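Colleague: Got a minute? I'd like to walk through this model with you.

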Amino acid sequence: MEKLFIFDTTLRDGEQVPGCQLNTIEKIEVAKNLELLGVDVIEAGFPISSPGDFNSVVEISKAVTWPTICALTRAVEKDIEVAAEALKYAKKKRIHTGIGTSEYHIKYKFNSTKEEIIERAIAAVKYAKRFVEDIEFYAEDAGRTDNEYLARVVQAVINAGATVVNIPDTTGYCLPTEYGAKIKYLIDNVDMKNAILSTHCHQDLGMATANSIMGVLNGARQVEVTVNGIGERAGNTSLEEVVMAIKSHKELNIETNINTQRIYPLSRMISSLMNMPVQPNKAIVGRNAFAHSSGIHQDGVLKNLSTYEIIDPKDVGIDDNAIVLTARSGRAALKNRLNLLKIDVNDIQLDEIYKRFLDLADKKKDITDEDILILAGKETDKMHHIKLEYLQVTSGIGIRNIANVGLDIAGEKFEASATGNGPVDAAIKAVKNIIKRQTTIQEFLIQAINKGSDDVGKVHMQLEYEGQTYYGFSANTDIVAASVEAYVNAINKFVK
Ligand code: KIV
Ligand code: ZN
C-alpha cells in the first residue's frame, strides 16, 4: 500500500468563505479534531494576512502534536518571516509559499515574465528554507499553466529545496483527464526524487474530487482538502469524498491515515461552527447520503445492505437508521421501523397504520420516528408529563421580544417570562427558566405542509441533553407555538 498524505486546509482556504470565520478558540478545537481524524498536515492560516490569523497559527502550533502545521505565504520575504515566527512552537512545521504561474497571473497580476516568475519562485523557496526544512511550493493557477513551463517551475523549486510541490487548479477549470495528464506530465518530466506532488482542486465545475483522484492515480501523493468541501466560491475538494473513494477502492493500493469514523462528527462540528449547512444530498456527510427512500431500494437494503450501499454508514461515524420513510416507502420499511421502535403489530394493524402513514406522507416529505409513534398511537405517558398551558408573545420590529409561558408539570403550575432575539428565542428561554436544564438545540426545522400564509407549520427539533439526543415535533398554524410545543415535546423525553 502506498501512503497518500492528507493536507487539510479547512482552517485556511475553507475559512476564507465570507461568514465562515472562526475565532482562535474555535480553530484550536477544529485543529485538535483534525489531529484525531488523522490528517497529516493542517494548514492553520496565512499569518501575514491579519493578527488573528497569526495568533491562530501560534496557538494551533502549541495545541497540536502529531500533524505538521503549515502556514501560507506569498513569494514575499516579509510573509515568509512572519510565517516562520508564527510556526515557532510547531513540533513539525511547513511553510507553503508560491506564486501564480499561468499567463493570466504572470501578465495581469504581476505584469512580469515567465523567467522572472521562476527567479522569484526559487528565491522564495530558498528564503523559506533558511527558517524551515519542510517547504511546499504552490504554482497558483497551475490548472491553466502550460505543462512545459509548469515542469520548469516545478523542477526549479525542487532544486531550490521544495519538498512538496502543489499543483492548484485555482479556478476549478480543469477536466479530470486534463488534470490527471498534467500530473503525469510532471511526474514524467521532472526529477521527483526529493519531492512529491500535491493536488489542490476547486469545485467551480463540480470536478474537484474527480480531479484530485485523477491526480492521485497519476502519481500525486498528497491531496489538499477541506471538511465538507468548504472553501471560496464553490469550494475545495472535500476530505470525506477523497478519503472514502480511496478507502472504497482497495484495488488502488493506496491508503490514508484517516480514522473514517470521525468524519461525520467533524463534518457536523464544522458545519455548525462555520454556520455553513451541508446540502442534504452531499456525498458521505449529507443528511440523505445513506437514506434510501424508494420502496424497491428499501426492500433491498433491508434484505442486505450491499444491495444499494457501497459504504457502511458506521464507517463514517453515522449510527442512525438509514431508511427514510416517505410516500414511496413500502409496508416492509414501515414494519421494520415499527420493530426498531419496539412496536409490535399484526398484519391488520400494519395495514391500518400504513394507510394513515401514506396519508401523512402525502402531506409531509420525510416521516420521522415521532410521526410513526403518533401514527401507531404509541405516545407514551411521559410525553405528557409537561404540558404547555399558555404562551403569550410580544414581538415586532423596534420593540423587545418578550414571552410569558405557563407550564403544567405533573399537575403543578409554573410561570416564567423571558426576552430573546426573536419570539421563538424568548419563548424557549422562558420554558428553560422553568425547567432549569442545560439543553442545546442542535437542529430546528420549520416546514410548511401546504402553501400559503394560513398553512400549518411543522417544527422538528433536535435537542442535546447530557450527551443524549432527543427529538421533538409539533404542528400549529402559529409557528412560535409550534416551536415551543416541539421543545416541550422533546424535553418530555427526559424530564421525569
Ligand atoms: O487555490 C489556490 O491556488 C490556493 C493556493 C494559495 C494554494 O489556495
Ligand atoms: Zn485554493
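Modeller: Sure. Keep in mind that this is a predicted model. Let's start with a strand pairing: Lys387 has Asp408, in β12, as its bridge partner.

Colleague: OK, and which way do β11 and β12 run, and how many bridges join them?

Modeller: They run antiparallel, and 8 bridges join β11, residues 386-394, to β12.

Colleague: What about the hairpin there, how many residues sit between the strands?

Modeller: The hairpin of β11 and β12 has 6 residues between the strands, and Gly398 takes a positive phi near 85° in it.

Colleague: And which strand does β13 pair with?

Modeller: β13, residues 412-420, pairs with β12, residues 401-409, in the antiparallel sense over 9 bridges. Gly406 stands opposite Glu415 of β13. In the hairpin of β12 and β13 there are 2 residues between the strands, and Ala410 has a positive phi near 50°.

Colleague: Switching to the ligand. Where does ligand 1 sit?

Modeller: In the second largest pocket.

Colleague: Which residues are around ligand 1?

Modeller: Arg12, Asp13, His96, Tyr138, Glu140, Asn166, Pro168, Thr170, His200 and His202. By type, that shell splits into 2 nonpolar, 5 polar and 3 charged residues.

Colleague: Which strands supply at least two residues each of that shell?

Modeller: β6, spanning 134-140, and β7, spanning 164-169.

Colleague: I'd want the polar contacts for a docking check. What is the distance from Arg12 to an oxygen atom of ligand 1?

Modeller: A polar side-chain atom of Arg12 is 2.9 Å from a ligand 1 oxygen. For Asp13, a side-chain N or O atom lies 3.1 Å from an oxygen atom of ligand 1. His200 also has a side-chain N or O atom 3.1 Å from an oxygen of ligand 1.

Colleague: And how much of ligand 1 does the protein bury?

Modeller: Ligand 1 exposes 260 Å² when taken alone, and the protein buries 92% of that.

Notes:
Residues numbered from 1 in each chain as written. Chains lettered and ligands numbered in written order. Predicted model: local features only at pLDDT ≥ 70, side-chain atom pairs only at ≥ 80, totals over all residues. Heavy atoms only, no water. Near = heavy atom within 4 Å. Polar contact = N/O pair within 3.5 Å; in protein donor to acceptor, adjacent residues only side chain to side chain. Areas by Shrake-Rupley, 256 points an atom, 1.4 Å probe, with all protein chains shown as cover. 1 Å grid on protein atoms, 1.4 Å probe; cavity = no way out; pocket = protein on both sides within 12 Å on 5 of 7 lines; lining within 4 Å. Sits in = over half its atoms within 2 Å of the grid points. Helix = DSSP H or I, 4+ residues; strand = E, 2+ residues; numbered from the N terminus. Nonpolar A, V, L, I, M, F, W, Y, C, P; charged D, E, K, R; others polar. Pairing = 2+ DSSP bridges.
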